[in-house]
Amino acid sequence: MEHITKLFSVLVFCMALMAHTTTAQESKGKDLINRVCNLTPNNKDLCMEVLSSDPSRSQSATLKDLAVISLRVAAKNASSILSDVKMFIDDPNLDPEVQQGLADCKETILDAESQLEDTIAALLVDSDVDAQTWLKAALAAITTCDDSIPGNDDILSVKSAVFRKLCNIAVAITRAMPN
């Protein structure tokens, strides 16, 4: 009887291990990207594009990997905004109010870039709460930038809207991560 109990225990263990392995495989790569992007229905196409943009990592990515991928793309977007701001600041034909707004925006975009790096660092040490905090700060920074520049039809407004979408993809991913 003891032999049968041991055999049964080994069989149950093997089945549990196989089920866990199958579940883990299902929750990586393209399947995981699809599941995550379904959490962002208003940005699904952008989400799919961004999360698939790193083929070497995307195919076997975990939620943490996908969050890092989306944050790196958001950081590139922030760098692009910063480059545009620096270029526009030097335009002597701009109204002084707009130039001051651009100078303020430059500072907040620098903050946003730093906050995205802090978000990545927090994720890498499994501090999901800190990651959410830094993401919220980055989103607040871009809102401050937008508010400091009059008008909303310029190239910076378009890029900041994309930045916001990229950060919201990262927010959806970090919220889906197990605590």
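**Exercise 1. Work out which secondary structure elements make up the chain in this predicted model.**

Start with the tally: there are 8 helices and 0 strands. Next, read off the order. Going from the N terminus, the elements run α-α-α-α-α-α-α-α, so there's no strand to place, given that strands are DSSP runs of E.

**Exercise 2. Find out how much of the chain is buried, and what its surface is made of.**

First, burial. Take a residue as buried when its relative accessible area is under 20%. On that cut-off, 37% of the 179 residues qualify. Now turn to the outside: the chain's accessible surface is about 10,500 Å², and carbon and sulfur atoms hold 58% of that.

**Exercise 3. Say what share of the contacts with a separation of 6 or more joins residues 24 or more positions apart.**

Count a contact when heavy atoms come within 4.5 Å. Keep just the pairs with a separation of 6 or more, then pick out those 24 or more positions apart: they give 66%.

**Exercise 4. Locate the largest cavity and describe its lining.**

Step one is the count, with a threshold of 30 Å³ or more: you get 1 cavity. Step two is volume, and the largest cavity holds about 30 Å³ of space.

Step three is the lining, where you'll meet C145, D146, I149, D154, L156 and S157. Which helices supply at least two lining residues each? That's α7 (128-148) and α8 (155-176).

Last, sort the lining by class: 3 residues are nonpolar, 1 is polar and 2 are charged. Cys, Ile and Leu count as nonpolar and Asp as charged, so C145, I149 and L156 go in the nonpolar group, while D146 and D154 are the charged pair.

Key: Residues are numbered from 1 along each chain as its sequence is written. This is a predicted model: local features need pLDDT of at least 70, side-chain atom pairs count only at pLDDT 80 or more; totals for chains, interfaces and linings use all residues. Side-chain values use heavy atoms; hydrogens and water are left out. On a 1 Å grid over the protein atoms alone, a cavity is a set of points where a 1.4 Å probe fits but cannot get out, and a pocket is an open set with protein on both sides within 12 Å along at least five of seven lines; lining residues have an atom within 4 Å of a point. Grid points are joined across faces, edges and corners, and a volume is the space filled by probe spheres set on the points. Helices (H or I, at least four residues) and strands (E, at least two) are DSSP runs, numbered from the N terminus. Buried means under 20% relative accessible area, exposed over 50%, partly exposed in between (1.4 Å probe, protein chains only). Accessible areas come from the Shrake-Rupley method with a 1.4 Å probe; for residues, only the protein chains shown count as cover.
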